[in-house]
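Colleague: I would like to go through this model slowly, with each term explained as it comes up. Shall we start once it is on the screen?

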Amino acid sequence: MEKIESQSASTMAVPAASAQQTVFPILLALSFSHLLNDTMQSLIPSIYPMVKDSFKLSFSQIGLITFTFQISASVLQPVVGLYTDKKPQPYALAIGMCFTLLGLVALSLATSFYLVLVSVALIGVGSAIFHPEASRIAHMASGGRHGMAQSLFQVGGNAGSSLGPLLAALILLPYGRFQIIWFSLVALLAIIILSRVGGWYKNNMHRIKKKTASADSSSATLQLTKGKVTLSIAILLLLIFSKYIYMASISSYFTFYLIDKFGVSIQSSQMYLFAFLFAVAAGTFIGGPVGDRIGRKYVIWISILGVAPFALALPYVNLFWTCTLSIIIGLVLSSAFSAILVYAQELIPGKVGMIAGLFFGFAFGIAGIGSAILGNLADNTSIEYVFWVCSFLPLIGLLTGFLPNLEKRHQ
C-alpha cells in the first residue's frame with residue numbers, strides 16, 4: 001500500500017501527459033480486492049449442498065437464494081454508477097465492503113432459510129457498491145489500456161470465485177457453516193486496502209475530467225446514430241444474457257449434476273466445480289489485451305459463439321469429458337465480459353460508471369433470475385434436462401455479427 005501512496009504523490013506532481021500512464025499499483029490493488037470480494041461471494045453457492053440438507057430445501061428454494069443475492073446486487077448497480085458519474089465517492093468501495101462483512105457474519109449464524117436470504121441480500125448490496133466503482137477506478141488507472149485494465153480487474157474476481165468451492169471443500173464441509181465467520185477477517189483486509197485506494201481516487205479526480213473530454217472527442221469520431229447505439233447495447237445485453245444464464249447453470253447446479261449423473265461425493269463435486277471456475281479465472285485476462293490489439297468484436301465472437309460446440313456436447317459425455325469440456329468452456333467463455341464492457345463504454349463515452357453499473361447489474365440480475373428459473377425447471381424435470389436446455393444458449397453469439405466495428409470507425 002506504500003507503493004500506492006507514492007504512486008499517488010508522483011501522479012499529482014507530474015504534467016498531464018504523465019497522468020495517462022497506467023497505474024499498476026492501483027490496478028493490482030483493485031484486482032486483489034476483487035479476488036477477496038468474490039471469494040467471499042462464492043461461498044454462497046459453495047454451501048448450497050450443506051444448506052439444502054440442513055433446512056430441507058428444494059431446488060426452487062436454492063434458486064431463490066441465488067435470486068435474492070443476484071437481484072440485491074444488480075438493482076442498485078446502475079443507480080450507484082449513475083450517481084457516482086455525477087458525484088464521485090472515493091470511499092464508497094470501503095463502505096460497500098462493510099455490507100459484505102455484515103452479510104458474512106449473519107450467514108454464519110443464520111438459523112432459518114429466511115435469515116439466509118437476508119444474509120445473502122446484505123452481501124449483494126456490498127457487491128452492488130463495489131463493482132461499478134471499482135470498474136471506474138480501473139478505467140481511471142488504465143492509462144488508455146482499457147481492455148487490459150478491465151481484464152486485470154476481472155481476473156481477480158474470477159480467481160476469487162474459483163476459490164469458493166475449494167475453501168468449502170477444505171474448511172466448510174468438514175467443520176460446518178459457522179466457519180464462514182472467519183472470512184470476516186478477509187472483509188476487514190479488503191476494507192483496509194479499499195480505503196487506501198479511495199485515497200488515491202480522491203487525489204486523482206483530474207483523471208475523470210480528462211477521460212470525459214477524451215470520450216466526447218471519441219464520440220464525435222464514431223458518428224453512430226442513436227438507433228445503432230441502442231441496437232448495439234441491446235445485442236450486448238443479449239450476449240450477457242446467454243453467458244450468465246449458462247454460467248449460472250454451472251455455478252449453481254454443476255455439483256448437483258455431477259452427484260446425480262455420476263454419483264460423485266459432495267467434496268469431489270466441489271473440486272470439479274473449482275476446476276471449472278479456475279479455468280474461468282485463467283481465461284479472463286485474455287479478452288482485454290487481445291481486444292485492445294485485434295478488436296473487441298472479434299473477441300466477443302470467439303468467446304461466446306466459439307464455446308457452442310463444447311456446450312452442446314457436454315450433456316452427452318462421461319465424467320472425464322464432462323470435466324474436460326467444462327474446463328475448455330470456462331477458458332473460452334470467460335474472456336467475453338471485459339470485451340463487452342469496454343466495447344459498451346466506447347459506444348457511450350463519458351458514462352463509465354453508469355455503463356459498468358448497467359452491465360454488472362444486468363449480469364448479476366439475469367444470473368439470479370436464471371438460477372431461480374433453472375431451479376424450478378430442475379424440480380419439475382431433472383437436473384440433466386436443465387443442462388441440455390442451457391447447452392443451446394451460446395448460439396445467441398451469432399448476434400455479434402450485427403455489432404459495428406468500432407476499431408475501423410476510430411481509424
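Colleague: Leaving aside its neighbours within four places in sequence, which residues is Leu399 in contact with?
Modeller: In this predicted model, Leu399 is found in the loop between H17 and helix H18 (406-410); helices are DSSP runs of H or I with at least four residues, strands are runs of E with at least two, and both are numbered from the N terminus. Contact means heavy atoms within 4.5 Å, and, once the neighbours within four places are set aside, Leu399 is in contact with Ile235 and Leu238.

Colleague: What pLDDT do local features need in this model?
Modeller: Residues are numbered from 1 along each chain as its sequence is written, and side-chain values use heavy atoms, with hydrogens and water left out. Since the model is a predicted one, totals for chains, interfaces and linings use all residues, side-chain atom pairs count only at pLDDT 80 or more, and local features need a pLDDT of at least 70.

Colleague: Is Leu399 buried, exposed or partly exposed?
Modeller: A residue is called buried under 20% relative accessible area, exposed over 50% and partly exposed in between, using a 1.4 Å probe and protein chains only. Leu399 has a relative accessible area of 27%, a value that falls between the two limits, so the residue counts as partly exposed.

Colleague: What share of the residues of the chain counts as buried?
Modeller: The chain holds 18 helices and zero strands, and 86% of its contacts with a separation of 6 or more are between residues 24 or more positions apart. Of its 411 residues, the share that counts as buried is 57%.

Colleague: How far apart are the end C-alpha atoms of helix H10?
Modeller: Helix H10 runs over residues 226-262, which makes 37 residues, and the expected span of a helix is 1.5 Å times one less than its number of residues. That rule gives 54 Å for H10, which agrees with the distance between its end C-alpha atoms, 51 Å.

Colleague: At which residue does H10 bend by about 65 degrees?
Modeller: The bend at a residue is the angle between axes fitted to the seven residues ending there and the seven starting there. After its last residue, H10 is followed by Gly263, whose phi is positive, near 70 degrees, but the bend of about 65 degrees in H10 is at Tyr253.

Colleague: At what angle do H10 and helix H17 pack?
Modeller: Residues of H10, among them Tyr246, Tyr253 and Tyr257, meet Ile383, Glu384, Phe387 and Cys390 in H17. Axes are lines fitted to C-alpha atoms, for helices over the stretch in contact, and angles run from 0 to 180 degrees between N-to-C directions. With their axes 9 Å apart, H10 and H17 (residues 383-390) pack at an angle of about 145 degrees.

Colleague: With which residue does Glu133 form a salt bridge?
Modeller: Side chains of opposite charge can pair when their charged atoms come close, and a salt bridge is a side-chain nitrogen of Lys or Arg within 4 Å of a carboxyl oxygen of Asp or Glu. The structure holds one salt bridge, whose closest N and O atoms are 2.9 Å apart. Glu133 is buried at a relative accessible area of 1%, and its partner, which also lies in helix H6 (residues 113-140), three residues away, is Arg136.

Colleague: Why is Thr100 counted as buried?
Modeller: Thr100 lies in helix H5 (residues 92-109) and, not counting residues up to four places away in sequence, touches Asn37, Met40, Leu122, Ile123, Gly126 and Ser127. Thr100 counts as buried because its relative accessibility is 0%.

Colleague: What is the relative accessible area of Lys56?
Modeller: Lys56 lies in the loop between helix H3 (48-55) and helix H4 (59-86), and its phi is near 55 degrees, a positive value in a residue other than glycine. In H3, Tyr48, Pro49, Met50 and Val51 are buried, whereas Lys56 is exposed, with a relative accessible area of 70%.

Colleague: How far apart are the C-alpha atoms of Ile62 and Pro45?
Modeller: Ile62 is found in helix H4, is buried with a relative accessible area of 0%, and touches Tyr48, Lys52, Leu57 and Tyr253, not counting residues up to four places away in sequence. Ile62 and Pro45 are 17 residues apart along the chain, and the separation of their C-alpha atoms is 8.8 Å.
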